[in-house]
Amino acid sequence: MDGTDARTPFAAGPRSVRLSPGDVLRLGLVGLRVRKLRAALSALGISIGIATMIVVTGIPASSQKGLLEQLTALGTNMLQAQPQPNQTPPVLLPPAADAMARRIGPVTRASAVANTHRGVQRTDRSDPSDSVGISVLAARDDLLAAVGGRVHTGTFLTPATDRFPTVVLGYQAASWLGFRQLPAGGPLPQVLIDRRLFTVTGILDPMPLTPELEQSVLVGWPAATLYLGFDGHPTVVYVKAREDALEDVRAVLPATLYPQLPGLIEVSRPSDALAAKRATEHTFSSLFLGLAGVALLVGGIGVANTMIISVLERRREIGLRRALGAGRGQIRGQFLTEAVVLSAAGGISGALAGALAVLGYATAQGWPPVVPLSSLAEGLAAALLIGMTAGVYPSLRAARLPPTEALSAT
(Lines give C-alpha, C1' and ligand atoms only; values in the text may rest on other atoms or scores of the structure.)
Protein backbone atom coordinates (compact mmCIF):
# COMPACT_ATOMS: atom_id res chain seq x y z
CA MET A 1 0.00 0.00 0.00
CA ASP A 2 1.40 3.39 -0.94
CA GLY A 3 -1.00 5.28 1.30
CA THR A 4 -3.05 6.51 -1.52
CA ASP A 5 -6.79 6.49 -0.79
CA ALA A 6 -8.49 3.85 -2.93
CA ARG A 7 -11.62 6.05 -3.15
CA THR A 8 -10.35 8.31 -5.94
CA PRO A 9 -12.68 10.66 -7.81
CA PHE A 10 -12.62 8.21 -10.73
CA ALA A 11 -13.76 5.34 -8.59
CA ALA A 12 -17.11 7.06 -7.94
CA GLY A 13 -17.99 7.15 -11.67
CA PRO A 14 -19.02 10.17 -13.71
CA ARG A 15 -20.94 12.79 -11.82
CA SER A 16 -24.46 13.44 -13.10
CA VAL A 17 -25.18 16.96 -14.22
CA ARG A 18 -28.32 18.60 -12.89
CA LEU A 19 -30.14 20.90 -15.33
CA SER A 20 -31.89 24.03 -14.18
CA PRO A 21 -35.52 24.62 -15.24
CA GLY A 22 -34.25 27.17 -17.76
CA ASP A 23 -31.87 24.60 -19.26
CA VAL A 24 -34.69 22.04 -19.50
CA LEU A 25 -36.88 24.61 -21.25
CA ARG A 26 -34.17 25.53 -23.76
CA LEU A 27 -33.44 21.88 -24.38
CA GLY A 28 -37.12 21.18 -24.99
CA LEU A 29 -37.32 24.06 -27.45
CA VAL A 30 -34.45 22.69 -29.52
CA GLY A 31 -36.63 19.95 -30.96
CA LEU A 32 -39.31 22.48 -31.83
CA ARG A 33 -36.89 24.87 -33.52
CA VAL A 34 -35.28 22.23 -35.74
CA ARG A 35 -38.68 20.79 -36.73
CA LYS A 36 -40.63 23.99 -37.22
CA LEU A 37 -43.17 22.62 -39.67
CA ARG A 38 -44.02 19.61 -37.52
CA ALA A 39 -44.23 21.83 -34.44
CA ALA A 40 -46.49 24.29 -36.25
CA LEU A 41 -48.80 21.50 -37.44
CA SER A 42 -48.89 19.96 -33.98
CA ALA A 43 -49.71 23.31 -32.38
CA LEU A 44 -52.36 23.84 -35.06
CA GLY A 45 -54.02 20.58 -34.13
CA ILE A 46 -54.11 21.55 -30.47
CA SER A 47 -55.30 25.05 -31.40
CA ILE A 48 -58.18 23.58 -33.37
CA GLY A 49 -59.09 21.37 -30.43
CA ILE A 50 -59.14 24.25 -27.94
CA ALA A 51 -60.91 26.56 -30.39
CA THR A 52 -63.49 23.84 -30.93
CA MET A 53 -63.98 23.53 -27.20
CA ILE A 54 -64.59 27.27 -26.85
CA VAL A 55 -66.83 27.44 -29.93
CA VAL A 56 -68.98 24.45 -29.00
CA THR A 57 -69.47 25.89 -25.53
CA GLY A 58 -69.57 29.61 -26.34
CA ILE A 59 -72.08 29.49 -29.19
CA PRO A 60 -74.62 27.37 -27.28
CA ALA A 61 -74.04 29.59 -24.23
CA SER A 62 -74.81 32.67 -26.31
CA SER A 63 -77.88 30.98 -27.71
CA GLN A 64 -78.90 29.96 -24.21
CA LYS A 65 -78.52 33.49 -22.88
CA GLY A 66 -80.64 34.86 -25.71
CA LEU A 67 -83.32 32.25 -25.04
CA LEU A 68 -83.25 32.85 -21.29
CA GLU A 69 -83.62 36.59 -21.84
CA GLN A 70 -86.69 35.91 -23.96
CA LEU A 71 -88.12 33.61 -21.30
CA THR A 72 -87.36 36.16 -18.57
CA ALA A 73 -89.24 38.78 -20.58
CA LEU A 74 -92.26 36.52 -20.30
CA GLY A 75 -92.35 37.19 -16.56
CA THR A 76 -90.80 34.03 -15.15
CA ASN A 77 -90.00 35.81 -11.89
CA MET A 78 -93.29 37.66 -11.34
CA LEU A 79 -96.14 36.88 -8.91
CA GLN A 80 -99.54 38.52 -8.46
CA ALA A 81 -101.29 38.60 -5.09
CA GLN A 82 -104.90 39.70 -4.58
CA PRO A 83 -107.77 39.04 -2.17
CA GLN A 84 -110.15 36.23 -2.93
CA PRO A 85 -113.28 37.61 -4.61
CA ASN A 86 -116.86 37.51 -3.25
CA GLN A 87 -115.89 37.72 0.42
CA THR A 88 -118.25 39.24 2.97
CA PRO A 89 -117.01 41.59 4.21
CA PRO A 90 -114.52 42.14 1.37
CA VAL A 91 -110.85 41.61 2.16
CA LEU A 92 -108.92 44.89 2.14
CA LEU A 93 -105.17 44.81 1.71
CA PRO A 94 -103.17 47.31 3.79
CA PRO A 95 -102.44 50.61 2.00
CA ALA A 96 -98.72 49.84 2.26
CA ALA A 97 -99.06 46.25 0.99
CA ASP A 98 -96.47 46.71 -1.76
CA ALA A 99 -93.97 48.16 0.72
CA MET A 100 -94.60 45.17 3.01
CA ALA A 101 -93.89 42.79 0.11
CA ARG A 102 -90.60 44.57 -0.63
CA ARG A 103 -89.37 43.64 2.86
CA ILE A 104 -89.27 39.96 1.86
CA GLY A 105 -85.59 39.19 1.30
CA PRO A 106 -85.58 37.69 -2.22
CA VAL A 107 -88.09 40.26 -3.55
CA THR A 108 -86.48 42.67 -6.00
CA ARG A 109 -89.54 44.73 -7.05
CA ALA A 110 -93.04 45.25 -5.75
CA SER A 111 -95.82 47.57 -6.83
CA ALA A 112 -99.60 47.75 -6.69
CA VAL A 113 -102.77 48.88 -8.43
CA ALA A 114 -106.27 49.40 -7.09
CA ASN A 115 -109.65 49.38 -8.78
CA THR A 116 -111.38 52.73 -8.29
CA HIS A 117 -114.69 51.34 -9.65
CA ARG A 118 -115.07 54.36 -11.93
CA GLY A 119 -115.90 54.46 -15.63
CA VAL A 120 -114.15 56.29 -18.42
CA GLN A 121 -115.52 58.02 -21.52
CA ARG A 122 -113.88 59.63 -24.51
CA THR A 123 -116.04 62.75 -24.10
CA ASP A 124 -119.14 63.78 -22.19
CA ARG A 125 -121.15 62.97 -25.30
CA SER A 126 -119.81 59.44 -25.71
CA ASP A 127 -121.98 56.43 -25.02
CA PRO A 128 -120.95 55.01 -21.62
CA SER A 129 -121.29 51.50 -23.06
CA ASP A 130 -118.37 52.24 -25.39
CA SER A 131 -115.98 51.93 -22.45
CA VAL A 132 -117.29 48.63 -21.11
CA GLY A 133 -114.36 46.44 -20.15
CA ILE A 134 -112.04 49.33 -19.34
CA SER A 135 -111.05 49.62 -15.69
CA VAL A 136 -109.82 52.78 -14.02
CA LEU A 137 -106.94 51.77 -11.75
CA ALA A 138 -104.92 53.75 -9.26
CA ALA A 139 -101.28 52.90 -9.94
CA ARG A 140 -97.97 53.36 -8.20
CA ASP A 141 -95.24 55.23 -10.04
CA ASP A 142 -92.98 52.14 -10.10
CA LEU A 143 -95.58 49.82 -11.65
CA LEU A 144 -93.83 49.38 -15.00
CA ALA A 145 -90.61 48.16 -13.38
CA ALA A 146 -92.54 45.52 -11.43
CA VAL A 147 -94.48 44.16 -14.41
CA GLY A 148 -91.85 44.64 -17.12
CA GLY A 149 -93.97 47.12 -19.07
CA ARG A 150 -92.85 49.83 -21.45
CA VAL A 151 -94.31 53.09 -22.69
CA HIS A 152 -95.36 53.04 -26.35
CA THR A 153 -95.76 56.80 -26.63
CA GLY A 154 -95.69 59.68 -24.14
CA THR A 155 -94.57 59.25 -20.54
CA PHE A 156 -95.64 57.20 -17.54
CA LEU A 157 -96.76 58.52 -14.18
CA THR A 158 -94.08 60.29 -12.16
CA PRO A 159 -94.01 61.93 -8.72
CA ALA A 160 -94.31 65.24 -10.56
CA THR A 161 -97.54 64.29 -12.37
CA ASP A 162 -99.27 61.64 -10.25
CA ARG A 163 -101.02 64.29 -8.13
CA PHE A 164 -102.67 65.90 -11.13
CA PRO A 165 -105.61 64.68 -13.26
CA THR A 166 -103.45 62.76 -15.73
CA VAL A 167 -103.78 59.20 -16.98
CA VAL A 168 -101.80 56.57 -18.86
CA LEU A 169 -103.73 54.21 -21.12
CA GLY A 170 -103.15 50.51 -21.53
CA TYR A 171 -102.61 49.44 -25.12
CA GLN A 172 -106.02 47.80 -25.55
CA ALA A 173 -107.86 50.52 -23.65
CA ALA A 174 -106.26 53.16 -25.86
CA SER A 175 -107.44 51.29 -28.95
CA TRP A 176 -111.00 51.07 -27.63
CA LEU A 177 -111.02 54.77 -26.84
CA GLY A 178 -109.73 55.65 -30.30
CA PHE A 179 -106.13 56.61 -29.45
CA ARG A 180 -103.11 55.26 -31.33
CA GLN A 181 -100.46 57.91 -30.84
CA LEU A 182 -100.12 61.11 -28.85
CA PRO A 183 -99.43 64.32 -30.77
CA ALA A 184 -95.77 65.27 -30.70
CA GLY A 185 -96.17 69.01 -30.29
CA GLY A 186 -99.89 69.72 -30.05
CA PRO A 187 -102.22 69.62 -27.05
CA LEU A 188 -102.63 66.24 -25.36
CA PRO A 189 -106.03 64.51 -25.60
CA GLN A 190 -108.33 64.12 -22.61
CA VAL A 191 -110.76 61.53 -21.30
CA LEU A 192 -113.66 61.87 -18.89
CA ILE A 193 -113.59 59.99 -15.57
CA ASP A 194 -116.31 60.56 -12.99
CA ARG A 195 -117.38 63.74 -14.81
CA ARG A 196 -113.83 65.19 -14.63
CA LEU A 197 -111.39 65.61 -17.52
CA PHE A 198 -108.07 63.80 -17.24
CA THR A 199 -105.17 64.47 -19.62
CA VAL A 200 -103.66 61.47 -21.39
CA THR A 201 -99.88 61.61 -20.95
CA GLY A 202 -98.91 58.15 -22.20
CA ILE A 203 -99.93 54.91 -23.91
CA LEU A 204 -98.33 51.60 -22.95
CA ASP A 205 -96.97 48.82 -25.13
CA PRO A 206 -98.87 45.51 -25.18
CA MET A 207 -98.41 43.46 -22.00
CA PRO A 208 -99.81 39.97 -22.69
CA LEU A 209 -98.78 38.71 -19.24
CA THR A 210 -100.96 41.33 -17.54
CA PRO A 211 -104.03 41.75 -19.77
CA GLU A 212 -105.84 43.54 -16.95
CA LEU A 213 -103.35 46.40 -17.34
CA GLU A 214 -103.69 46.42 -21.13
CA GLN A 215 -107.40 47.05 -20.67
CA SER A 216 -107.04 49.74 -18.01
CA VAL A 217 -106.72 53.47 -17.55
CA LEU A 218 -104.02 54.19 -14.96
CA VAL A 219 -104.34 57.16 -12.61
CA GLY A 220 -101.70 58.31 -10.15
CA TRP A 221 -102.22 57.06 -6.58
CA PRO A 222 -102.53 60.55 -5.02
CA ALA A 223 -104.75 61.79 -7.89
CA ALA A 224 -107.11 58.83 -7.47
CA THR A 225 -107.45 59.67 -3.78
CA LEU A 226 -107.98 63.37 -4.47
CA TYR A 227 -110.35 63.24 -7.45
CA LEU A 228 -111.97 59.79 -7.45
CA GLY A 229 -112.56 59.11 -3.75
CA PHE A 230 -110.08 56.21 -3.70
CA ASP A 231 -109.70 54.67 -0.21
CA GLY A 232 -106.01 53.74 -0.58
CA HIS A 233 -106.37 49.94 -0.37
CA PRO A 234 -104.64 48.13 -3.26
CA THR A 235 -106.44 45.30 -4.99
CA VAL A 236 -103.49 43.64 -6.76
CA VAL A 237 -99.84 43.52 -5.68
CA TYR A 238 -97.22 42.66 -8.29
CA VAL A 239 -93.99 41.15 -7.01
CA LYS A 240 -90.71 40.30 -8.73
CA ALA A 241 -88.31 38.00 -6.90
CA ARG A 242 -85.18 35.97 -7.52
CA GLU A 243 -86.11 32.95 -9.56
CA ASP A 244 -84.32 30.52 -7.27
CA ALA A 245 -86.50 31.70 -4.36
CA LEU A 246 -89.76 32.28 -6.20
CA GLU A 247 -91.59 29.37 -4.57
CA ASP A 248 -90.45 30.49 -1.11
CA VAL A 249 -91.69 34.03 -1.75
CA ARG A 250 -95.02 32.65 -2.96
CA ALA A 251 -95.36 30.67 0.28
CA VAL A 252 -94.82 33.64 2.63
CA LEU A 253 -96.48 36.38 0.56
CA PRO A 254 -100.08 35.84 1.83
CA ALA A 255 -99.02 36.01 5.49
CA THR A 256 -96.97 39.12 4.75
CA LEU A 257 -99.80 41.00 3.04
CA TYR A 258 -102.68 39.84 5.25
CA PRO A 259 -101.34 38.20 8.42
CA GLN A 260 -104.71 37.90 10.13
CA LEU A 261 -106.16 35.54 7.47
CA PRO A 262 -103.47 34.53 4.92
CA GLY A 263 -105.78 31.96 3.36
CA LEU A 264 -107.91 34.75 1.88
CA ILE A 265 -105.06 35.92 -0.35
CA GLU A 266 -104.58 34.34 -3.78
CA VAL A 267 -101.09 34.25 -5.25
CA SER A 268 -100.50 33.27 -8.87
CA ARG A 269 -98.39 30.23 -9.61
CA PRO A 270 -94.97 30.63 -11.24
CA SER A 271 -95.44 30.62 -14.98
CA ASP A 272 -94.74 27.62 -17.19
CA ALA A 273 -91.98 29.73 -18.74
CA LEU A 274 -90.00 29.37 -15.50
CA ALA A 275 -90.16 25.58 -15.73
CA ALA A 276 -89.08 25.81 -19.38
CA LYS A 277 -86.22 28.12 -18.41
CA ARG A 278 -84.94 25.77 -15.72
CA ALA A 279 -85.19 22.78 -18.07
CA THR A 280 -83.25 24.76 -20.67
CA GLU A 281 -80.49 25.62 -18.19
CA HIS A 282 -80.11 21.96 -17.16
CA THR A 283 -80.14 20.69 -20.75
CA PHE A 284 -77.58 23.22 -21.95
CA SER A 285 -75.29 22.55 -18.97
CA SER A 286 -75.21 18.84 -19.77
CA LEU A 287 -74.59 19.62 -23.44
CA PHE A 288 -71.68 21.92 -22.59
CA LEU A 289 -69.97 19.26 -20.48
CA GLY A 290 -70.34 16.62 -23.18
CA LEU A 291 -69.07 18.81 -26.01
CA ALA A 292 -66.13 20.11 -23.99
CA GLY A 293 -65.16 16.58 -22.98
CA VAL A 294 -65.15 15.37 -26.60
CA ALA A 295 -63.09 18.35 -27.75
CA LEU A 296 -60.51 17.85 -24.99
CA LEU A 297 -60.29 14.13 -25.74
CA VAL A 298 -59.60 14.83 -29.42
CA GLY A 299 -56.95 17.41 -28.53
CA GLY A 300 -55.25 15.06 -26.07
CA ILE A 301 -55.09 12.21 -28.58
CA GLY A 302 -53.56 14.57 -31.14
CA VAL A 303 -50.81 15.71 -28.75
CA ALA A 304 -50.03 12.15 -27.63
CA ASN A 305 -49.84 10.94 -31.22
CA THR A 306 -47.52 13.79 -32.18
CA MET A 307 -45.17 13.16 -29.27
CA ILE A 308 -45.04 9.36 -29.82
CA ILE A 309 -44.11 9.89 -33.47
CA SER A 310 -41.48 12.40 -32.37
CA VAL A 311 -39.93 9.81 -30.05
CA LEU A 312 -39.82 7.20 -32.83
CA GLU A 313 -38.21 9.64 -35.26
CA ARG A 314 -35.60 10.85 -32.78
CA ARG A 315 -34.33 7.56 -31.34
CA ARG A 316 -30.83 8.16 -32.63
CA GLU A 317 -30.78 11.58 -30.97
CA ILE A 318 -32.01 10.03 -27.72
CA GLY A 319 -29.35 7.30 -27.89
CA LEU A 320 -26.60 9.83 -28.55
CA ARG A 321 -27.65 11.97 -25.59
CA ARG A 322 -27.83 8.92 -23.34
CA ALA A 323 -24.38 7.81 -24.49
CA LEU A 324 -23.00 11.26 -23.67
CA GLY A 325 -24.29 11.01 -20.12
CA ALA A 326 -27.84 12.36 -20.19
CA GLY A 327 -29.95 10.75 -17.50
CA ARG A 328 -33.42 9.34 -17.91
CA GLY A 329 -34.88 12.26 -15.96
CA GLN A 330 -33.35 14.72 -18.41
CA ILE A 331 -34.80 12.82 -21.39
CA ARG A 332 -38.20 12.76 -19.71
CA GLY A 333 -37.99 16.47 -18.97
CA GLN A 334 -37.03 17.28 -22.56
CA PHE A 335 -40.00 15.54 -24.18
CA LEU A 336 -42.45 16.57 -21.50
CA THR A 337 -41.36 20.19 -21.97
CA GLU A 338 -41.89 19.91 -25.71
CA ALA A 339 -45.42 18.59 -25.17
CA VAL A 340 -46.32 21.34 -22.71
CA VAL A 341 -44.90 24.12 -24.91
CA LEU A 342 -46.76 22.79 -27.94
CA SER A 343 -49.99 22.62 -25.96
CA ALA A 344 -49.53 26.11 -24.49
CA ALA A 345 -48.88 27.66 -27.91
CA GLY A 346 -51.84 25.85 -29.41
CA GLY A 347 -54.02 26.70 -26.41
CA ILE A 348 -53.36 30.44 -26.60
CA SER A 349 -53.99 30.66 -30.33
CA GLY A 350 -57.01 28.37 -30.07
CA ALA A 351 -58.55 30.35 -27.24
CA LEU A 352 -58.23 33.59 -29.19
CA ALA A 353 -59.57 32.04 -32.40
CA GLY A 354 -62.49 30.43 -30.56
CA ALA A 355 -63.40 33.67 -28.79
CA LEU A 356 -63.40 35.62 -32.06
CA ALA A 357 -65.52 32.94 -33.72
CA VAL A 358 -68.07 33.03 -30.91
CA LEU A 359 -68.26 36.83 -30.94
CA GLY A 360 -68.73 36.92 -34.69
CA TYR A 361 -71.34 34.18 -34.89
CA ALA A 362 -73.36 35.39 -31.90
CA THR A 363 -73.40 38.95 -33.24
CA ALA A 364 -74.55 37.72 -36.65
CA GLN A 365 -77.40 35.76 -35.02
CA GLY A 366 -78.45 38.68 -32.83
CA TRP A 367 -77.58 36.84 -29.60
CA PRO A 368 -75.73 38.41 -26.68
CA PRO A 369 -72.14 37.13 -27.08
CA VAL A 370 -71.00 34.98 -24.16
CA VAL A 371 -67.25 34.39 -23.90
CA PRO A 372 -66.51 34.44 -20.17
CA LEU A 373 -62.94 35.00 -19.09
CA SER A 374 -63.28 31.86 -17.01
CA SER A 375 -63.84 29.85 -20.20
CA LEU A 376 -60.68 31.26 -21.77
CA ALA A 377 -58.72 30.48 -18.61
CA GLU A 378 -60.15 26.97 -18.52
CA GLY A 379 -59.19 26.49 -22.17
CA LEU A 380 -55.59 27.47 -21.49
CA ALA A 381 -55.46 25.33 -18.36
CA ALA A 382 -56.94 22.44 -20.29
CA ALA A 383 -54.29 22.86 -22.99
CA LEU A 384 -51.48 22.68 -20.41
CA LEU A 385 -53.08 19.70 -18.70
CA ILE A 386 -53.49 17.95 -22.04
CA GLY A 387 -49.84 18.62 -22.85
CA MET A 388 -48.63 17.22 -19.55
CA THR A 389 -50.92 14.20 -19.69
CA ALA A 390 -50.29 13.42 -23.34
CA GLY A 391 -46.53 13.91 -22.95
CA VAL A 392 -46.08 11.55 -20.01
CA TYR A 393 -46.09 8.27 -21.95
CA PRO A 394 -43.87 9.46 -24.83
CA SER A 395 -41.39 10.97 -22.36
CA LEU A 396 -41.27 7.74 -20.34
CA ARG A 397 -40.84 5.72 -23.51
CA ALA A 398 -37.99 7.95 -24.65
CA ALA A 399 -36.28 7.69 -21.26
CA ARG A 400 -36.46 3.87 -21.27
CA LEU A 401 -34.74 3.46 -24.65
CA PRO A 402 -31.32 1.78 -24.13
CA PRO A 403 -28.54 3.86 -25.70
CA THR A 404 -27.25 0.96 -27.85
CA GLU A 405 -30.71 0.21 -29.26
CA ALA A 406 -31.42 3.88 -29.92
CA LEU A 407 -28.08 4.42 -31.70
CA SER A 408 -28.61 1.38 -33.89
CA ALA A 409 -32.03 2.64 -35.08
CA THR A 410 -32.22 3.61 -38.72
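The paragraphs below lead through a predicted model, starting with a strand, moving on to two surface patches and ending with salt bridges.

A good place to begin is strand E1, which covers residues 78-83. Five of its six residues are buried, so the strand is largely enclosed by the rest of the structure. Part of its surroundings can be named, since E1 is joined by four bridges to strand E10, residues 236-241, and the two strands run antiparallel. Within this pairing, Met78 stands opposite Lys240 of E10. Strand E1 is also joined to strand E11, residues 265-267, by three bridges, and here too the strands run antiparallel. In that pairing Pro83 has Ile265 of E11 as its bridge partner.

From this enclosed strand we can turn to the surface. Leu37, Leu41, Leu44 and Ile48 make a nonpolar surface patch of about 420 Å². One of these residues, Leu37, is found in helix H2, which spans residues 36-73. Leu37 has a relative accessible area of 63%, and because a value over 50% counts as exposed, Leu37 is placed in the exposed class.

A second patch is one of charge. Arg328, Arg332, Arg397 and Arg400 gather on the surface in a patch of positive charge, and the elements that give two or more residues to it are helix H11 (328-365) and helix H12 (373-400). Arg328 lies in helix H11 and is partly exposed, with a relative accessible area of 45%. Arg400, in turn, has its place in helix H12 and is also partly exposed, at a relative accessible area of 49%. How far apart are Arg328 and Ala398 in sequence and in space? They are separated by 70 residues in sequence, while their C-alpha atoms are 8.3 Å apart in space.

The last topic is the pairing of opposite charges. Side chains of opposite charge can pair when their charged atoms come close. A search of the whole structure finds six salt bridges, and a few of them can be followed here in detail. In one, the side chains of Arg102 and Asp98 meet with an N to O distance of 3.9 Å. Both residues lie in helix H3 (residues 97-102), four residues apart, which is about one turn of the helix. Their surroundings can be compared through their accessibility: Asp98 counts as buried at 3%, whereas Arg102 is partly exposed, with a relative accessible area of 38%.

Arg102 also forms a salt bridge with Asp142, at 3.5 Å from N to O. Arg102 lies in helix H3, and Asp142 in the loop between strand E4 (135-139) and helix H4 (143-147), so this pair ties together parts that are 40 residues apart in sequence. Asp142 itself is partly exposed, with a relative accessible area of 33%.

Another salt bridge joins Asp194 and Arg118, whose closest N and O atoms are 3.4 Å apart. This pair links distant parts of the chain, 76 residues apart, with Asp194 in the loop between strands E7 (190-193) and E8 (196-204), and Arg118 in the loop between strands E2 (107-115) and E3 (120-121). Asp194 is partly exposed at a relative accessible area of 34%, and Arg118 counts as partly exposed at 29%. Returning to Arg102, we find that salt bridges with shared partners join Asp98, Arg102, Arg140 and Asp142 into one network.

Note on methods. Residues are numbered from 1 along each chain as its sequence is written. This is a predicted model: local features need pLDDT of at least 70, side-chain atom pairs count only at pLDDT 80 or more; totals for chains, interfaces and linings use all residues. Side-chain values use heavy atoms; hydrogens and water are left out. Buried means under 20% relative accessible area, exposed over 50%, partly exposed in between (1.4 Å probe, protein chains only). Two strands pair if DSSP finds at least two bridges between them. Patches are made of residues with over 30% relative accessible area and no salt bridge: like charges are joined within 9 Å, nonpolar side chains (Val, Leu, Ile, Met, Phe, Trp, Tyr) within 5 Å. Accessible areas come from the Shrake-Rupley method with a 1.4 Å probe; for residues, only the protein chains shown count as cover. A salt bridge is a side-chain nitrogen of Lys or Arg within 4 Å of a carboxyl oxygen of Asp or Glu. Lys and Arg count as positive and Asp and Glu as negative; His and the chain ends are not counted. The place of a charge is taken as NZ of Lys, CZ of Arg, CG of Asp or CD of Glu.
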